Amino acid sequence: MHTIGVIIPTFTIEYSFDILAGISDYFRNCNVRALIAQTNYHHNTSSANDYQYWASVEYFKSAEVDAIIVITGVYTSVMKMEDVTAFVKEFFPKPVISVAVDLKLDKTISILLDCKKAYNDVIKHLKNEHGCKRIAFMSANLTNSDEAFGRYNAFLSAMKKADLPFDEDLRFDGNYTDISAVEAISKKITKKEDVTFDAIVCANDLMACGVMNYLKSIGISIPEDVKVIGFDDSIAASISYPRLSTINQDIYSLGVKAAEAAIDALDNGCKEMVIKIDALPKYRQSCGCIPLNNTDHVYKSSRGKVSQDNNERMDNLPRFMNDIAEKNNIVTLIDIVRASSTLKQIFYNMRYIVRQCNMSSMYINFFRDIKFVEAEEDLVLPDEMQLYMLSDDEKNVDLFNPEISFNPNKKLFAAKGARKDPGVFLFQPIFAGEKNYGFITSKIKGVKFADYNVYLKIISIAIARAFDYTGHLMEAQKLEHEINDLTIQTRIDELTGILNRRGFMERGQQCLDIILETDGCGLVFFVDMDGLKTINDTYGHNVGDIAIKTQAQVLTEIFGKNSVVGRLSGDEFGIISPGMQLSELKRTRLKLDLLNEKYSAKNGLPFVISTSLGHVDLQNSSKLKELLDAADESLYEEKRRKHGELS
């Protein structure tokens, strides 16, 4: 059985819905396992930490993945062509099927939309049926993508074939968004009298809708004054007013052809080839083919035949009911995962989660050690991971920590049953911030990829939180023992016998995590002895060391066993005091002065040590370093106050 990977930047655009529906529908009728992942864009930081989705690309290099379908048309809308080509090459020698862009690589199959015939039909239609002579073009050339330039060149070729001159002043450059279209056209056209064209063809429907709205705002009537043609046949074209004439790409068929080509390449060998699918015009109200008072969802073909728009997404009532159902699913899912604080609790709810999300199974896999991945880095896969839990509704199997290890560079499905299970699976990295924990694979029943995107995002966040919380609980149980084990030499300060900086930062962060996880309170202190340099200069460094040891004794006695006390450097100390309230500060400072006097005399010091204390509420941050910096600033305020009193 073949495993075929499918990668696309996002599930949440209409293009993705159509093409993934075609791919998944075809694969469900074949004895293959399709593994679909959204990857975002390489090193993209436009959304916080979503660069972590790119980890899917690294996983799909696994030996278990036999071929790759890359939706290159979406990648090249954001990434440079050379960057897309570079990451695609990393999948070689696997067969690669490129959708919408010809990468011109050996043994790569390209599935392309041929828009030349459609543009020829559109220009001929505007000229012959509507008498248009000056036709403008709203391009997507700002994206610098081959797809955008391909549409523009096809338009120019069609104009030449129709023997219509094209005025370059009638070209407006956008980037596939309605906002960019309005910005582009408004720079040249500010009033009705500036409009010198009788039709405008746009590189996609969103820009066409933006153009229509802008032209109407300056008094231009559509289609009486200007005919408008889009490209994509999107939902926007169907619900706009007037309903938009457009070019249908048949994106669903692109997906079917890509899936078909992937299986053929594996069965018969992959040879470089280009497979083209013709786009077809659909003439509606914005060019005048369908009257504005016609409320039926119909269009006219190039041959003049009026046909029904068979687009189930235009049926508002089912779509509305579906939206309500999905919102209820999301609310229910959130309630489930909020009640699951530990990994075991998530496991107890997995079967219900699988059913609630219209899935058949779910597999959760963890690294042995969490990986920290920054935006400019790529995830480096280890040689070992573990299948931590699974729930298979079809096979009626649920397993928690079955102690199954596997090498992700060689395979992605660790369970024997999963390796023989055909179907369509979604792949989701598990991450939170810079931490990457592993991945989820889930077998899905439907094609609502935008909904699955939300489900998996919620589930992966819950798993990451549960992983951390479970780890904190386990660490808390071991904490006291760890201080006395073989690591004591690297965690304990030799002079004072308390934690050194490394030990304090490690144990302190663990303590802080547990407090915050349980909504506890407390204070973080930054402590500094006063005048250590003067002590060393006056009495010598031996006496200075005794003073530091004395300070450590005082702090340990004041804050007790429940607190974390460490020597950060020289005469600086850090303290985390769980449960302490700000109202206790005055008493703590008084106690500090009394014990400084007591232990100074007890240890034979010829002076009484003095201490400055900075503090911060530990709820101000989840990072110990940030809290220490804030407490240090508070300490300097106290020192400035002391100097003011002395002067």
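User: How do strand E20 (residues 522-529) and E23 pair, and over how many bridges?

Analyst: E20 and E23 are joined in the antiparallel sense over seven bridges, where two strands count as paired if DSSP finds at least two bridges between them. One position to look at is Val524, which stands opposite Val616 in E23. The element names are DSSP runs numbered from the N terminus, with helices (H or I) of at least four residues and strands (E) of at least two.

User: Before we go on, what kind of model is this?

Analyst: It is a predicted model, in which local features need pLDDT of at least 70 and side-chain atom pairs count only at pLDDT 80 or more, whereas totals for chains, interfaces and linings use all residues. Residues are numbered from 1 along each chain as its sequence is written, and side-chain values use heavy atoms, with hydrogens and water left out.

User: Back to that sheet, then: what is the strand order, and which strands are at the edge?

Analyst: The order is E21-E22-E20-E23, an open sheet of four strands with antiparallel pairing. Strand E21 (564-569) and strand E23 (611-617) are the edge strands, each pairing on one side only. Between neighbouring strands the turn averages 20°, direction ignored.

User: Which strands does helix H18 (residues 541-559) lie across?

Analyst: H18 lies across E20, E21, strand E22 (572-578) and E23, and its direction is about 5° from that of E22. Angles here run from 0 to 180 degrees between N-to-C directions, and the axes are lines fitted to C-alpha atoms, for helices over the stretch in contact. Helix H19 (residues 585-602) lies across E20 and E23, at about 155° to E23.

User: And how do H18 and H19 pack against each other?

Analyst: Their axes are 9 Å apart and the packing angle is about 135°. That makes H18 oblique to H19, given that angles under 35 degrees count as roughly parallel, over 145 as roughly antiparallel, 65 to 115 as roughly perpendicular and the rest as oblique. H18 passes H19 in a right-handed crossing, meaning that the near helix is turned clockwise from the far one by less than a right angle (anticlockwise would be left-handed).

User: Which residues make that contact?

Analyst: From H18 they include Gln551, Val554, Leu555, Ile558 and Phe559, and from H19 they include Thr588, Leu592, Leu595 and Tyr599, with contact taken as heavy atoms within 4.5 Å. The residues of this contact divide into seven nonpolar, six polar and three charged; Ala, Val, Leu, Ile, Met, Phe, Trp, Tyr, Cys and Pro count as nonpolar, Asp, Glu, Lys and Arg as charged, and the others, Gly among them, as polar.

User: New topic: at what angle do H1 and H10 cross?

Analyst: The axes of helix H1 (residues 14-27) and helix H10 (residues 251-268) cross at roughly 40° and come within 7 Å. That makes H1 oblique to H10, and H1 passes H10 in a right-handed crossing. Among the residues that meet are Tyr15, Ile19 and Phe27 in H1, and Ile251, Leu254 and Ile263 in H10. By class, this contact of H1 with H10 has twelve nonpolar, two polar and three charged residues.

User: Which sheet has parallel pairing?

Analyst: One is the open sheet of four strands in the order E7-E6-E8-E9, where the pairing is parallel. Strand E7 (171-173) and strand E9 (227-229) are its edge strands, each pairing on one side only, and the twist from one strand to the next averages 15°. Strand E6 (residues 135-139) and strand E8 (residues 199-202) pair over four bridges in the parallel sense, with Met138 opposite Cys202 in E8.

User: Where do helices H5 and H6 sit on it?

Analyst: Helix H5 (residues 116-130) lies across E6, E8 and E9 at about 165° to E8. Helix H6 (residues 146-161) touches E6, E7 and E8 as it packs on the sheet, and its direction makes about 170° with that of E6.

User: Last one: are the residues of E3 buried or exposed?

Analyst: Ala67 and Ile69 point one way from strand E3 (residues 67-70), Ile68 and Val70 point the other way, and all are buried, where buried means under 20% relative accessible area, exposed over 50% and partly exposed in between (1.4 Å probe, protein chains only). Four bridges join E3 to strand E1 (residues 2-8), running parallel, and Ile69 is the bridge partner of Val6. E3 is also joined by three bridges to strand E4 (residues 96-99), which runs parallel to it, and there Ile68 has Val96 as its partner.
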